[in-house]
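Below is a colleague's note on the helix packing and the strand pairing, set out as numbered points. Please read it with the coordinates open.

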Amino acid sequence: METNDSEPYHSSLNTGVAMLSRRLFNSCRKFIGRQPRSDANIDAQLDRILAVVDVLEASSLRLGSTRHPDYYSILRVKQSEAANRDLIRQQFKTLVRLLDPNKNKFPFADEALMRVREAWYVLSDPVRLEKLERQIRGDDVSAASFWTMCPYCWYLHEYERKYEDCSLRCANCKRTFHGTAVNPPDSESMVEGKEQYYCYHMSLPLRYPVEGGSQFELDGKKMRIKTVVNRVRAKAFAPESESDPEFDPEEMEVEM
């Protein structure tokens, strides 16, 4: 059996592709299991469909009480095998090959590839993996809550993790905003014994004052800075200030 050059996959897989496009992963998996594997080309296409189904179905799962996807199931490994970096690398390369956008033209293949890369980013790094496992065990206290900021009054708020990405109401300005996680305030900014934090405000002048001039001390001596503005002439262009008979750019001094 050969694939039609005008189609990216064999016509016998149309039913499975329709199920996949509707994200009916369980039905699509059953369809793949019923297909005879008598042709190498069709076998390869079935493996690509199955890779998309496995990854997207695993990405909908959550690890314990966290909001993290099941990175282990995405890479088709057990949690106890996560320390085996060679196995993680091998599974990552296998899935990348199956989800290669140049060969896998099935629906959601690009999304599945992105999920695989996210899982590899976490599981391939010992520090990120250890942090993930602490959150799964509940040892990481910071995982139980998150900080978010009201975009209207710039107040920071701390909520339980289950409210992340939800519509929240600011306790200060009473307006509704999207609860996106932001970096928490530094420990030095927190008020000890209270659910408060210090907020620092600072203003900077946009220009030096003109009235009275500006003086700077340099090695004990006062120094006045003056800038002479020269006339700039351009063809068919006359500054509006030249209409003033008392205006003379050559003699004007700006004290900074």
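1. A crossing of two helices is called left-handed if the near helix is turned anticlockwise from the far one by less than a right angle, and right-handed if it is turned clockwise. In that sense helix 1 passes helix 2 in a left-handed crossing, and a left-handed crossing is also found where helix 2 passes helix 3. The model is a predicted one, and the points that follow should be read with that in mind.

2. Helix 1, which spans residues 14-21, packs on helix 2, residues 25-34, at an angle of about 160°, and the two axes are 8 Å apart. Since angles over 145 degrees count as roughly antiparallel, helix 1 is therefore described as roughly antiparallel to helix 2. From helix 1 the contact draws on Thr15, Gly16, Met19 and Leu20, and these meet Phe25, Ser27, Cys28 and Phe31 of helix 2. Sorted by class, this contact of helix 1 with helix 2 holds 5 nonpolar and 3 polar residues, with no charged ones.

3. Helix 2 also packs against helix 3, here at an angle of about 150° and with the axes 10 Å apart, so that helix 2 is roughly antiparallel to helix 3. On the side of helix 2 the residues involved are Phe25, Asn26, Cys28, Arg29 and Ile32, while helix 3 contributes Leu46, Ile49, Leu50, Val53, Asp54, Leu56 and Glu57. The contact of helix 2 with helix 3 divides into 8 nonpolar residues, 1 polar residue and 3 charged residues. Phe25 and Cys28 deserve a look in the viewer, as they are listed in the contact of helix 2 with helix 1 and again in the contact of helix 2 with helix 3.

4. The connection that follows helix 2 can be examined through Gln35, which is placed in the loop between helix 2 and helix 3, the latter covering 40-59. A polar atom of the Gln35 side chain lies 3.4 Å from the backbone oxygen of Phe31, and Phe31 is itself among the helix 2 residues that meet helix 1. Leaving aside residues up to four places away in sequence, Gln35 touches Ser12 and Leu46, and Leu46 is one of the helix 3 residues that meet helix 2.

5. Another helix pair is formed by helix 6, residues 109-123, and helix 7, residues 126-137, which pack at an angle of about 95° with their axes 6 Å apart. This angle makes helix 6 roughly perpendicular to helix 7. Tyr121, Val122 and Leu123 of helix 6 meet Arg128, Leu129 and Leu132 of helix 7, and by class the contact has 5 nonpolar residues, 1 charged residue and no polar residues.

6. Turning to the strands, the model contains an open sheet of 3 strands in the order 2-1-5, with antiparallel pairing. Its edge strands are strand 2 and strand 5 (181-182), each of which pairs on one side only. Strand 1 (residues 145-149) pairs with strand 2 (residues 156-160) over 5 bridges in the antiparallel sense, whereas 2 bridges join strand 1 to strand 5, again with the strands running antiparallel.

7. Which residues are the bridge partners of Trp147? In strand 2 the partner is Glu158, and in strand 5 it is Val182. Strand 1 and strand 2 together form a hairpin with 6 residues between them, and within that turn Trp154 has a positive phi of about 65°.

Key. Residues are numbered from 1 along each chain as its sequence is written. This is a predicted model: local features need pLDDT of at least 70, side-chain atom pairs count only at pLDDT 80 or more; totals for chains, interfaces and linings use all residues. Side-chain values use heavy atoms; hydrogens and water are left out. Axes are lines fitted to C-alpha atoms, for helices over the stretch in contact, and angles run from 0 to 180 degrees between N-to-C directions. Helices (H or I, at least four residues) and strands (E, at least two) are DSSP runs, numbered from the N terminus. Angles under 35 degrees count as roughly parallel, over 145 as roughly antiparallel, 65 to 115 as roughly perpendicular and the rest as oblique. Contact means heavy atoms within 4.5 Å. Ala, Val, Leu, Ile, Met, Phe, Trp, Tyr, Cys and Pro count as nonpolar, Asp, Glu, Lys and Arg as charged, and the others, Gly among them, as polar. A polar contact is a pair of N or O atoms within 3.5 Å; within protein, one must be able to donate a hydrogen and the other to accept it, and residues adjacent in sequence count only if both atoms are side-chain atoms. Two strands pair if DSSP finds at least two bridges between them.
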